[in-house]
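Thank you for coming, everyone. Please bring the sequence and the model up on your screens, and keep them open while I talk.

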Amino acid sequence: MSQPPAARREIPESLSARMGAIRLLSHVLRDGRMLGDGASGLTGPAAARALRLAGLVLRHMGQADAMMKVHMDRQPAAKVRDILRLALVEVFVDGAAAHGVVNDAVAMARMSPRTVKQSGLVNAVLRKMVDDRSAWDALPAPALPGWLRGPVAKAFGKDRIVGIEAAHLAGAPLDLTPQRPTEIDGATVLPTGSLRLSGGQVSTLPGFESGDWWVQDAAAAMPARLLGDVTGLRVLDLCAAPGGKTMQLAAGGANVTALDVSGKRLRRVHQNLERTGLQAEVIEADALEWSPEEPFDAVLLDAPCTATGTIRRHPDLPHLRTSRDVEALTKLQYQLLDRALAFVRPGGRVVYCTCSLLPVEGENQVAAALKRHDGLTVEPLDPAAFGLPEIAASALGLRLLPDLWPDRGGMDGFFMSVLKRA
Ligand SMILES: C[S@@+](CC[C@H](N)C(=O)[O-])C[C@H]1O[C@@H](n2cnc3c(N)ncnc32)[C@H](O)[C@@H]1O
C-alpha cells in the first residue's frame with residue numbers, strides 16, 4: 001500500500017521573510033534590478049518584511065562588509081555574503097535576537113547545494129561577529145559611492161554630505177498631496193501644503209478610494225506649485241508618468257497635456273487620473289520627436305535623471321547607478337529642456353526639475369540653457385514662501401537636499417527652476 005505523502009513542514013514567517021530578502025538582494029546586486037521590481041516569491045506580511053529587510057541591508061551594506069573584513073581573511077561567495085550581511089544588519093541595526101538570526105542564517109546556508117558546505121563557516125563566524133558589538137559600533141557610517149559623494153560634497157560642502165547620508169539612513173516618511181481639504185489621524189500639514197505621516201498602508205488610509213490625495217514626496221510636490229495659479233492655463237507636463245505633477249496641475253484648474261514616452265508608465269497616469277477624478281489629455285510620444293500644434297502657456301519638465309535625490313526611499317539606487325548613467329542622462333536632459341523651451345509661447349514659463357543630488361543634472365543644465373537661449377531669464381524664488389531655509393535658495397532656482405527639515409523628517413533631493421521665455 002502506498003503511504004500518504006509526509007506533511008510538508010511549514011516554514012516560519014520570519015525565516016521565509018529572510019529567504020525572500022536574500023532573493024531580493026540577489027536581484028539588485030547581481031541582476032541589476034530595482035528593489036521594487038524584484039520578486040521575493042512571497043505575499044502579504046512576509047513580502048513586506050522581506051522588502052524592508054533587503055532595504056535595510058542595502059542601506060547598511062558598507063558597514064556589514066567592513067565587519068566581515070574585520071573577522072574574515074577571505075570574502076565568501078556572493079550568496080553567503082548576503083546571508084551574513086542580512087544577519088549582521090538584523091542584529092546590529094534592527095535589534096533582532098542574535099540566537100534566532102544565527103539559526104536562520106545557518107538554515108539558509110544549508111538549503112542550497114552551492115552554500116551548504118559553508119554552513120559551518122556561517123555558524124562559526126556569525127557567532128563571533130554578533131558578539132562583537134564594539135567592532136560594529138566603531139565602523140564609520142555608511143557613505144555614498146565616490147562618483148556621487150565627490151561632486152555632492154564639492155558642490156554643497158562636507159558638512160552637508162554627512163547630513164545627507166544620515167537622512168538616507170533614516171529613510172522617508174509618507175507624504176501625500178491633497179486635492180481637497182483632508183484630515184487623516186496623525187498627519188501633519190507641511191508648510192508646502194503636503195500631508196506627512198510616519199508611514200502606513202496607503203490603500204487603507206481614509207480618502208484613498210475617493211482619490212482625495214496621492215502619494216508624492218513634499219519636495220516632488222514643489223515644482224508644480226512654482227507655477228502659482230494655473231487656472232485656465234494650457235500646461236504641458238512633458239515627462240509626466242506616473243502623473244504626480246499632472247494631477248497637481250489638473251487639480252489647480254489647468255488644461256493639462258500629459259506626455260510620456262513610456263506606454264507602460266502612462267497606464268499609471270490613467271489609473272491615477274481615474275482614481276482622483278481629474279482630467280488631462282494623455283499622449284504617448286517621444287518628446288524629442290513630438291511637436292504641439294500650438295505653443296503652451298507653461299511647460300513642466302520633470303526630466304529623467306539618476307533619481308539620486310530619492311535614495312531615502314530607494315536604498316538600491318547607489319548600488320545600481322554608476323557615473324556612466326550620468327553622461328547619457330545629462331545629454332537627454334539638455335535636449336528635453338530645449339524641446340520644452342520650444343513648446344512654450346513667448347513670455348511663457350518652463351519649470352525644469354530633477355530629483356537628483358547632482359548639480360550637473362540641475363543647476364548646470366539651467367546655466368547652460370541660459371547661455372544657449374537669448375532672452376531666457378530665471379524667475380527669482382523665495383524659499384521662505386515654502387517654509388524652507390535660505391540655504392535652499394540658488395541663483396538659478398531652489399536646491400532641496402535630504403538634510404533639510406531634519407526635525408520634520410527630511411525631504412527628497414530636488415533641483416527646480418522657473419525659466420521665462422523672451
Ligand atoms: C522623473 S520621471 C517623471 C515623473 C513625473 N513627472 C511625476 O511627477 O509623476 C521621468 C519620465 O520621463 C519619461 N521620459 C524619458 N525620456 C522621455 C522622452 N524622450 N520623451 C518623453 N518622456 C520621456 C520617462 O518615461 C519617465 O516617466
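I will go from a helix and a small sheet to the strands around an annotated cysteine, and then to the ligand and a few backbone details.

Before anything else, please keep in mind that this is a predicted model, and that I will say so whenever something comes from a record instead.

Let me begin with helix α5, which covers residues 98-111. How far apart should the ends of its 14 residues be? At 1.5 Å a residue the helix should span 20 Å, and because its end C-alpha atoms are in fact 20 Å apart, the two values agree. If you look at which parts of this helix are covered, you will find that its buried residues are Val101, Asp104, Ala105, Val106, Met108 and Ala109. The elements that cover those buried residues include α1 (13-29), α4 (78-92) and α6 (119-130).

Next comes a stretch for which we have a record. UniProt, in an unreviewed entry, places the feature "domain: SAM-dependent MTase RsmB/NOP-type" at residues 136-422. In the model, that span is 30% helix and 21% strand, and its end C-alpha atoms lie 58 Å apart.

Now to a sheet. There is an open sheet of 4 strands, and if you read across it the order is β2-β3-β1-β4, with antiparallel pairing. The strands at its edges are β2 (188-189) and β4 (213-215), each of which pairs on one side only. Strand β1, residues 174-178, is joined to β4 by 3 bridges, and these two run antiparallel; if you want to find the place on screen, look for Thr177, which stands opposite Trp214 in β4. As a reminder for those new to this, strands of a sheet pair through backbone hydrogen bonds, either parallel or antiparallel.

With that in mind, let us turn to strand β8, residues 296-302, and its partners. Because 6 of its 7 residues are buried, β8 is largely enclosed by the rest of the structure. With β5 it pairs in the parallel sense over 3 bridges, and there the bridge partner of Leu236 in β8 is Val299. With β9 it is joined by 6 bridges, again running parallel, and here Val299 stands opposite Val350, while Leu301 stands opposite Tyr352.

Strand β9 itself is mostly covered, with 8 of its 11 residues buried. Besides β8, it is joined to strand β13, residues 414-420, by 6 bridges, but that pair runs antiparallel, with Val351 opposite Val418.

Following on from β9 we reach Cys355, which the UniProt annotation "active site", also from an unreviewed entry, covers. Where does Cys355 have its place? You will find Cys355 in the loop between β9 (344-354) and α15 (363-372). Is this cysteine buried or exposed? A residue counts as buried if 20 or more other C-beta atoms lie within 10 Å of its own, and since Cys355 has 25 such neighbours inside 10 Å, it counts as buried. Leaving aside neighbours within four places in sequence, its contacts include Ala220, Cys305, Ala307, Asp412 and Phe414.

The model also holds a ligand, and 17 residues surround it, of which the closest are Cys239, Gly244, Val261, Ala287 and Asp302. By kind, the residues of this shell divide into 9 nonpolar, 3 polar and 5 charged. Two elements, α11 (244-251) and β6 (255-260), each supply at least two residues of the shell.

Finally, some backbone details, for which you should remember that most residues other than glycine have a negative phi, and most peptide bonds are trans. The peptide bond from Ala241 to Pro242, however, is cis, with omega near 10°, and Pro242 is found in the loop between β5 (234-237) and α11. Ala307, which we met among the contacts of Cys355, has a positive phi near 60°; it is found in the loop between β8 and α13 (317-320), and it is buried because 22 other C-beta atoms lie within 10 Å. Trp405 also has a positive phi, near 55°; this tryptophan is found in the loop between β12 (397-400) and β13, and it too is buried, with 21 other C-beta atoms within 10 Å.

Terms used:
Residues are numbered from 1 along each chain as its sequence is written. This is a predicted model: local features need pLDDT of at least 70, side-chain atom pairs count only at pLDDT 80 or more; totals for chains, interfaces and linings use all residues. A residue is near a molecule or strand if its C-beta atom, placed from the backbone, lies within 6 Å of it. Ala, Val, Leu, Ile, Met, Phe, Trp, Tyr, Cys and Pro count as nonpolar, Asp, Glu, Lys and Arg as charged, and the others, Gly among them, as polar. The expected span of a helix is 1.5 Å times one less than its number of residues. A residue is buried if 20 or more other C-beta atoms lie within 10 Å of its own, exposed if 12 or fewer, and partly exposed in between; C-beta atoms are placed from the backbone. Two residues are in contact if their C-beta atoms, placed from the backbone, lie within 7 Å. UniProt positions are given in the numbering used here, feature names are shortened, and annotations may be inferred rather than shown by experiment. Two strands pair if DSSP finds at least two bridges between them.
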